[in-house]
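Here's a quick tour of the fold, from one sheet and one strand pair out to the chain as a whole. Have the viewer open as you read.

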Amino acid sequence: MVMILLVFILVSRVSAFNYITCPKCGNFEVPYPFSTDDNCGDLRYKVSCNNGNLEFPSAEGFHYKILSINPTTQKLIIRPPMILEDTCYSSDFPQGGLRLDERSPFNISTHNTVLLLNCTAALLRSPLNCSFNSFCRQFENEKEEGSGCKSSLCCHYLKDSSMTSHFIRVRPGGCTAYTSVVDIKPEDPIDQWNYGIELQWLPPN
């Protein structure tokens, strides 16, 4: 009986420890199960707090600023990589773009429209929209960040369930830069686009 009681107390303490919420990162609430250190949250949901900015690490070690977290829908939005000034290369180009660890509880949601920039002609053989009406043309023509990508091939696609949900790839021989818009609507003016990459996560077991 004493042994059973001790086991119960130990399990209770472990469970309580596992459900410790991490402190704020700057003004940003860090909801459970996210973990900013080994003493809070669930370590499978690791994020970083750097100078008051909450950041999401990719499988390659690149950090993306977290713009919002919705614990109810189990979704977060990260900021797309910057396109380096006077170039058409994403800042995560050396890492090959965004790649999530396939063993992690995170994946890229189907609400993202990805704009691929500075692409090779090989993309014309893909099912992506590389026409003059592509959203990427608006981005190049109307956003200063995209101005370095003008006069090159660009395409866009909606990240759907038939595609891999763990990476957005940039590479030599393909495209060298990208950005992403969440829940884009054709009628929306470009200044109302919600730039971001929406990720979703599976709840802890």
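Two strands count as paired here if DSSP finds at least two bridges between them. Keep in mind that we're looking at a predicted model.

With that in hand, take strand 3 (residues 63–70) and strand 4 (residues 75–78): they run antiparallel, and four bridges join them. On this pairing, Asn70 stands opposite Lys75 of strand 4. As a general point, strands of a sheet pair through backbone hydrogen bonds, in either a parallel or an antiparallel way.

Now zoom out to the sheet. Its six strands come in the order 1-2-3-4-11-6, the sheet is open, and the pairing is antiparallel. At the edges sit strand 1 (48–50) and strand 6 (106–108), each with a partner on one side only. Going from one strand to the next, the twist averages 45 degrees.

What does the chain hold overall? It has two helices and eleven strands. Read from the N terminus, the elements go α-β-β-β-β-β-β-β-α-β-β-β-β, so to speak a helix at the start and another after a run of strands.

Some numbers for the whole chain:

| Property | Value |
|---|---|
| Buried share of the 205 residues | 42% |
| Share joining residues at least 24 apart, among contacts between residues at least 6 apart in sequence | 61% |
| Exposed area of the chain | about 11500 Å² |
| Part of that area from carbon and sulfur atoms | 54% |

Definitions and conventions. Residues are numbered from 1 along each chain as its sequence is written. This is a predicted model: local features need pLDDT of at least 70, side-chain atom pairs count only at pLDDT 80 or more; totals for chains, interfaces and linings use all residues. Side-chain values use heavy atoms; hydrogens and water are left out. Buried means under 20% relative accessible area, exposed over 50%, partly exposed in between (1.4 Å probe, protein chains only). Contact means heavy atoms within 4.5 Å. Accessible areas come from the Shrake-Rupley method with a 1.4 Å probe; for residues, only the protein chains shown count as cover. Axes are lines fitted to C-alpha atoms, for helices over the stretch in contact, and angles run from 0 to 180 degrees between N-to-C directions.
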